[in-house]
Amino acid sequence: MQTLAVDHPLVAHKLTTLRDVRTDSPTFRRLADELVTLLAYEATRDVRVAPATVETPVEPAQGVQLANPKPLVVPILRAGLGMLDGMTRLLPTAEVGFLGMIRDEGTLQAQTYATRLPDDLSGRQCYVLDPMLATGGTLAAAIKLLLDRGARDVTALCLLAAPEGLRFLEETLDSAAPIRVVTAAVDSHLNEHGFIVPGLGDAGDRLYGVV
Ligand SMILES: O=P(O)(O)OC[C@H]1O[C@H](OP(=O)(O)OP(=O)(O)O)[C@H](O)[C@@H]1O
Ligand SMILES: O=c1cc[nH]c(=O)[nH]1
Ligand SMILES: [Mg+2]
C-alpha cells in the first residue's frame with residue numbers, strides 16, 4: 001500500500017480552517033470540496049488514458065483522453081458525499097457507485113447499510129472517497145468489497161488519516177492489488193473514542209449536522 005500526504009501550502013491552509021471548531025457547515029462543505037479537488041490532482045496521476053487526435057484550428061494535434069472503462073468514484077455515505085462534487089469536477093466522465101457505511105461508536109466496527117456498485121469491477125480504476133480514516137475499519141471493508149468484485153486498482157482519498165488506520169489497512173488488505181491512500185495530512189493518533197487527534201471532529205456532523 002502506498003500513502004501520500006499531499007504537501008502543499010494551499011492544502012495546509014484550507015485544512016487548518018477546516019479543523020477550526022468555529023468553521024460553520026457551509027464553509028466546511030466548501031473547503032472539503034476545494035480540498036478534494038487538490039487531492040484529486042495527485043490521486044489521478046496514474047489514471048489511464050488512451051491516445052486521441054483532435055483538430056485544432058491550425059492542424060491535427062496528438063493528445064490523450066480518459067481510457068475505457070471509465071474510472072469509478074465511490075463516496076462512502078454519509079461524509080464521503082461531501083467529497084463527490086470536488087472529485088467529479090476533475091473527472092466528469094467517471095461513473096459513480098455508492099457505499100453506505102456507519103461506524104458503531106461503541107464497538108468502532110463498521111457496518112454496511114447500502115451498496116450500489118457495478119457487479120464487475122475488473123479493469124476499473126476505483127477512487128474511494130471518505131474524509132476520515134480513523135481505525136481504518138470502514139475503509140478496509142469498503143476496499144474489500146471492491147476487490148471482491150474484481151477491482152485491482154483502488155485509490156482512497158481522505159482529508160485526514162490516523163497512523164493506526166493506515167497500519168490496519170496495511171495489515172488487512174491483499175497486498176497483491178495496488179492500493180493507494182492520498183490524504184491531506186496524517187495526524188498524531190486516535191483518542192479513546194476512536195477520534196483522530198487533533199482531527200476535525202465528526203466529519204459527517206460538521207458537513208450535514210447531527211442526526
Ligand atoms: O476509520 P473508522 O474508524 O472506520 O472511522 C471512519 C468512518 O467514520 C466516519 O463515518 P461515520 O460512521 O461517522 O458515518 P457518517 O459518514 O454517516 O457520519 C467517517 O466518515 C468514516 O467513514
Ligand atoms: O475523528 C473521526 C473519527 C471517525 N469519524 C469522524 O468523523 N471523525
Ligand atoms: Mg459521522
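Strands β6 and β7 form a hairpin, with six residues between them. In the turn of this hairpin, Leu108 has a positive phi of about 65°. The model is a predicted one, and the values given here are computed from it. β6 covers residues 98-103, and strand β7 covers residues 110-116. The two strands pair in the antiparallel sense over six bridges. One of the pairs can be found by starting at Gly100, whose bridge partner in β7 is Ala114.

β6 also pairs with strand β4, which is made up of residues 72-77. Here the strands run parallel and are joined by two bridges. Gly100 appears again in this pairing, as the bridge partner of Leu77. Gly100 therefore has a bridge partner in β7, Ala114, as well as the partner Leu77, if the definition of pairing through DSSP bridges is followed.

A second hairpin is formed by β2 and β3, with four residues between them. Strand β2 spans residues 49-55, and its pairing with β3 is antiparallel over seven bridges. Within this pairing, Val49 is matched with Leu66 of β3. Is strand β3 well covered or hardly covered? Strand β3, residues 60-66, is hardly covered: among its seven residues, the count of buried ones is zero.

The interior of the model comes next. In soluble globular proteins, nonpolar side chains tend to be buried together. The largest nonpolar core in this model has 53 residues, and Leu35, Val128 and Leu157 are those with the most contacts inside it. Helix α2, which runs over residues 25-43, gives the most to this core, with eight residues. Val128 can serve as an example of the contacts. Not counting residues up to four places away in sequence, Val128 touches Val74, Ile76, Leu139, Ala142, Ile143, Val154 and Ala156.

The model also contains ligands. Ligand 1 is surrounded by 23 residues, of which the closest are Arg78, Ala134, Thr135, Thr138 and Gly204. The elements giving two or more residues to this shell are β6, β9 (132-133), α4 (137-148) and α6 (203-208). By type, the shell around ligand 1 has 12 nonpolar, seven polar and four charged residues.

Which residues lie around ligand 2? They are Met132, Ala134, Gly194, Phe195, Ile196, Gly199, Asp202, Ala203 and Gly204. Five residues of this shell are nonpolar, three are polar and one is charged. Ala134 and Gly204, listed here, are also among the closest residues to ligand 1.

An unreviewed UniProt entry places the feature "binding site" at several positions, including Arg78, Arg103, Asp130, Met132, Thr138 and Asp202. Two of these positions, Arg103 and Met132, can be looked at in turn.

Arg103 is found in strand β6. Arg103 counts as partly exposed because 18 other C-beta atoms lie within 10 Å, and a residue needs 20 or more to be buried. Leaving aside neighbours within four places in sequence, Arg103 is in contact with Leu108, Ala110, Gly137 and Thr138. Leu108 is the residue with the positive phi in the hairpin turn.

Met132 lies in strand β9. Is Met132 buried or exposed? Met132 counts as buried, because it has 27 C-beta neighbours inside 10 Å. With neighbours within four places in sequence left aside, Met132 is in contact with Ala79, Cys158, Leu159, Leu160, Ile196 and Ala203. Ile196 and Ala203 also belong to the residues around ligand 2, as does Met132.

Methods. Residues numbered from 1 in each chain as written. Chains lettered and ligands numbered in written order. Predicted model: local features only at pLDDT ≥ 70, side-chain atom pairs only at ≥ 80, totals over all residues. Near = placed C-beta within 6 Å. Nonpolar A, V, L, I, M, F, W, Y, C, P; charged D, E, K, R; others polar. Core = buried A, V, L, I, M, F, W, Y, C linked by C-beta atoms within 7 Å. Buried ≥ 20, exposed ≤ 12 C-beta atoms within 10 Å, placed from the backbone. Contact = placed C-beta atoms within 7 Å. UniProt positions renumbered as here; feature names shortened; annotations may be inferred.
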